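The exercises below ask you to read a protein model with care, one step at a time. Try each task yourself before you turn to its solution.

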Amino acid sequence: MDYLRNFFVNLARSWTAWIGGFLPDWGVNLVNYLVVGIILVLMPVIATLTLTWMERKVIGRIQNRIGPNRVGPWGIFQAFADAVKMLIKEDIVPSGADKPVFNLAPILIAGAAALLWAVVPFGRGMIGQNLNIGALYVVAVGSITTIAVIMAGWSSNNKFALLGAFRVVAQLLSYEIPMVLSIATVVLVTGTMRMGDIVERQVAPFIVVLPVAFITYLLAAAAETGRAPFDLLEADSEIVAGYFVEYSGLKFGWFYIAEYGNLFAIAAITTTLFLGGWRGPFVSVAPALGPFYFVIKSVAVIFVLMWIRGTWPRFRIDQMLAFAWKVLVPASLANLLWSAIVLQIGRQPEQLGPTIVQMILLLVGNVAILAVTGLLLGRAARRYAAQHGWAGA
Amino acid sequence: MTLVNDSTTVPAEPTAARPPTVGEQLAARFPNAILGASTFRGDTTLTVAPTGLTDVARALRDELGFDHLSNLSSTDWSRYRGYAGKERFSTIYHFTSTRTGERIGLKVFAPGGDSPAVPSLAALWAGANWPEREVYDLMGIKFDGHPDLRRILLPNNWPNHPLRKDIPRGGETVPFSMIWEDEEFQSFGKQIVEAKSVQPVPPKQADANKHMILNMGPQHPSTHGVLRVVAELDGETVVAAYPDIGYLHSGFEKQGETIRYKDFLPYTDRMDYVSAMSNNLGYSLAVEKLMGVEIPPRAQVIRVICAELQRLASHLVWLGTHIMDAAGVSHALLMYTFREREQLSDIFELISGARLTISYIRPGGVWKDVPPSFVERVQDVLKAFPARIDEYERMITENPVWLGRARGVGKLTAEQCLSLGVTGPLLRASGVPFDYRKARPYSGYENYDFKVPVMTEGDTYARYLVRLEEMRQSLRIIDQALKNLPDGPVWTADRKMALPPRQELDTSMEALIHHFKLMTEGFVPPMGEVYHSVENPRGELGFYLVSDGTAVPYRLHVRAPSFHNLQATDTMARGSLIADLVLVIGTIDIVLGDVDR
């Protein structure tokens, strides 16, 4: 029973002890690194296989359909059938494409999706590497996606792909700023960039302390990964598939894997930063529950994103950029400023995480920022309507 | 067989003392330009000299209020009975007043023999541009002063003008019908050879060095079929959009001129295949007008119910695909609207056996009486739909992203609409309360209490609201029609179109001959020409029929709403973003079968 309470860590310990019996220390480290690495690299693939099924089912139910139900019970093996189809499809490189760049882009984007998982804490002590710059690492690795997408769009020698690449530059660079600002707020409040420590210091989930930062991060992350309603990079009704329109077969599959790997990764990071990560009832008694809480919270975030996808129209590029620069950036800057001020009030030396008073103050400030933002947005919408002859609407 | 049908006599029009008609006013004003006037089935057609056409048309528009150029077509008279080497070609223009619903036709005999030319009306109505190109393409009549006279439906190097009577149906050169010795065989592999009479004009694409030319279509997810839009882009901004059509052109008009009137009905299903019932109705009414027959009241009410159900179904398809344009295939509304449309398709299947290409409303009535469960099924629709439409409204009407996307996009003013010949919900969303069901009621629409929704904003959002309200009004019409569904026959009793009853065949030789003639030859309308239009879900659907007193139409022209509305693409999309261009195409609600025919 005690073994089960902290099952995953105990499992790792027994494993290490077992291979330590016949391997030298460096061999044990090597094998462990390899195993962890393989698990992390496989995460995007696992995410793709499970999330495509989930997305089809969720969107299907939202659309009053059943979704896949032919391959396996409830269609759970649909994703495998799709994977097989993708593997055996012809790989086409368009004539006139910049071949090295064209071939490198899918590798890069899938690699970036895998790298993100290195700093995701699944449970206490269950983290690939508790980097001292974990939060910064998340942002930095996220930017590799931008490069890969531009490479794919540019090298395809296709106007739709090029238009997609234009949009990528504008969109991803714009939304990186509110994303960094909202992560910075969390870092400021917790006083650490280590992803593991951020979870440790989240006495209350930051969604109720810093709702502005949470909303900003979720929206920016959705934009970063090209999820609806920010899926302009691949807007199927406008630029067909955008930057990956010319890809087929397994190369297309890499984009697919990256998309769902990123989706799971941003959900995981949202969970880590704002939903208390692996924290939950009885985790202190049985740390093995942590990963379950973590996955449940992540899936809840993913579900919200899918829900939005099924019911919201897409932004237009100018509206989307205006939304980033005129709404998200000011709001998250105000939030950052307020957090900095609050944390200076009654600051204790050696303080880890905010105190109760500080948290209440942070929440009050956040609610105020939300109210002001909503008010200004409403006024802007009315002004926009009046401009187009919709006064009083 | 030369049996003479006694039904070809034209009933005399009653003449009484009245204020001068439009024709008389014009004849007094332009004594040199108006060469004659004729009235057939209540349609007045003035014959105008080519030189006077522009002046007469301008007077019609500016002084007499005929602000809508409904239809522009042409006829090749060379095989017409009584043609004696006069001008071979004529063009015909039908003008409608959006205020009073009055209509007048102008006919111009084109001078120039086999290479005729008439003045262009494109300077007065910008919307004359495409119809004139169509006439030039299919009939070979040149329009002097046309800004961009080149082929529109057929390829630039098509060898002939197929609607001319000396061009047989399917008469173009097909290489594999040749033998090796033919010298024409050199064109093997080039199925279409260069036309000598047509100068190919390259599409006007402005400075391609500065701007990117993006080919949207003919394979593109949101062009709603095989439409190709050549979009000239400056970054993401649309500098100009040139729709390129004709990919689905199947020569329905030429086909219609080789088969009997009743045999053309299935073709109308396949033009605007999203609202087949409305097309059936439009064509049937035109043929009945030509024949001069009355339709029994039960058939009329059934027609109204079916046409309004079809309007619901068509608007549902529009709504689902329109949201799909704005949101992508994952948006839930698409499947919701198709669920409701399924219910309507089931009703169509119940009454006709077909779901899409229905051919239920036929010249003479409707195919068969509706089955007993029809009323119940339609009542189910009436019960379910108001809540469903409210549900759609809750999903997107107030959605801030949808508001941002749809408001101010694809604006058209009332003047632009009238100039471009745009009809239907687009016209009504721009503030012109013009609906053929009110302006020129047909099938008893004057007996129903319904409103024509009108908005003045003229953008995509206004058109969205107008169409949603039209769905509610359609439900009101269906409700009233169901309550007042009379008993009786569903096929006309007029022996010009109706078969004699079975028992008469045993006793009357005349009835037997009549039966034989109707079955073998088909009904025969008198000589004359009519234009009749109905309010299709997309706008004005008109049929222009010329009869030479045989059972086969001499000339059959379709005034397709999508064709005319699509012209407004450039006006609506210019200066907006590429995402708006997609919405603009969606808001026009085109059906490519209707555009290309």
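**Exercise 1. Find which helix of chain A gives the most to the lining of the second largest cavity, and then describe that cavity.**

Solution. Begin with the helix: helix 12 of chain A contributes the most to the lining of the second largest cavity, namely 4 residues. Keep in mind while working that this is a predicted model.

Next, ask which other element takes a regular part, and you will find that helix 6 and helix 12 of chain A each supply at least two residues of this lining. The lining has 14 residues, and those nearest the centre of the cavity are A:Ile109, A:Thr145, A:Thr225, A:Tyr243 and A:Asn262. Sorted by class, the lining of the second largest cavity is made up of 7 nonpolar, 4 polar and 3 charged residues. The space in this second largest cavity comes to about 120 Å³.

**Exercise 2. State how many cavities of 30 Å³ or more the structure holds, and work out what lines the largest cavity.**

Solution. The count of cavities of 30 Å³ or more is 7, and the largest cavity has about 150 Å³ of space. Its lining consists of 14 residues, with A:Leu116, A:Gly142, A:Glu224, A:Thr225 and A:Ile266 lying nearest the centre. Moving from residues to elements, helix 5 (99-115), helix 6 (134-155), helix 10 (211-224) and helix 12 (249-274) of chain A are those that give two or more residues to the lining of the largest cavity. Helix 6 of chain A has the largest share of that lining, with 4 residues. Finally, the classes of the lining residues of the largest cavity are 9 nonpolar, 4 polar and 1 charged.

**Exercise 3. Locate A:Trp74 and B:Ser359, and decide for each whether the residue is buried or exposed.**

Solution. Take A:Trp74 first: this residue is not a glycine, yet its phi is positive, at about 50°. A:Trp74 sits in the loop between helix 3 (25-62) and helix 4 (78-88) of chain A. Its relative accessible area is 65%, so A:Trp74 is exposed.

Now turn to B:Ser359, another residue other than glycine, whose phi is positive and near 50°. B:Ser359 belongs to the loop between helix 8 (333-352) and strand 11 (361-362) of chain B. With a relative accessible area of 9%, B:Ser359 is buried.

**Exercise 4. Describe the interface of chain B and chain A, beginning with how many residues each chain brings to the contact.**

Solution. Chain B brings 45 residues to the contact and chain A brings 32 residues. Between them, the two chains bury about 3,300 Å², of which 60% is on carbon and sulfur atoms. On the side of chain B, the residues that lose the most area to chain A are B:Ser330, B:Val401 and B:Arg407, which together account for 19% of what that side buries.

The next step is to look for charged pairs, and the rule finds 2 salt bridges across this interface. B:Glu236 makes a salt bridge with A:Arg167, and the closest N and O atoms of the pair are 2.5 Å apart. Both B:Glu236 and A:Arg167 are buried.

**Exercise 5. Work out which parts of chain B are tied together by the salt bridge of B:Asp43 and B:Lys289, and then study a second pair, B:Glu529 and B:Lys107.**

Solution. In the salt bridge of B:Asp43 with B:Lys289, the closest N and O atoms are 3.0 Å apart. B:Asp43 lies in strand 2 (residues 43-48) and B:Lys289 in helix 6 (residues 276-291) of chain B, so the pair ties together parts that are 246 residues apart in sequence. To judge burial, note that B:Asp43 has a relative accessibility of 11% and therefore counts as buried, while B:Lys289 is buried with a relative accessible area of 16%.

For the second pair, the side chains of B:Glu529 and B:Lys107 meet in a salt bridge at 2.7 Å, N to O. This pair links distant parts of the chain, since B:Glu529 is in strand 13 (residues 528-536) and B:Lys107 in strand 5 (residues 103-110) of chain B, 422 residues apart. B:Glu529, at 15% relative accessibility, counts as buried, and B:Lys107 is buried with a relative accessible area of 10%.

Technical notes
Residues are numbered from 1 along each chain as its sequence is written. Chains are lettered from A and ligands numbered from 1 in the order in which they are written. This is a predicted model: local features need pLDDT of at least 70, side-chain atom pairs count only at pLDDT 80 or more; totals for chains, interfaces and linings use all residues. Side-chain values use heavy atoms; hydrogens and water are left out. On a 1 Å grid over the protein atoms alone, a cavity is a set of points where a 1.4 Å probe fits but cannot get out, and a pocket is an open set with protein on both sides within 12 Å along at least five of seven lines; lining residues have an atom within 4 Å of a point. Grid points are joined across faces, edges and corners, and a volume is the space filled by probe spheres set on the points. Ala, Val, Leu, Ile, Met, Phe, Trp, Tyr, Cys and Pro count as nonpolar, Asp, Glu, Lys and Arg as charged, and the others, Gly among them, as polar. Buried means under 20% relative accessible area, exposed over 50%, partly exposed in between (1.4 Å probe, protein chains only). Contact means heavy atoms within 4.5 Å. Buried area is the accessible area (1.4 Å probe) that two parts lose on being put together, summed over both. A salt bridge is a side-chain nitrogen of Lys or Arg within 4 Å of a carboxyl oxygen of Asp or Glu.
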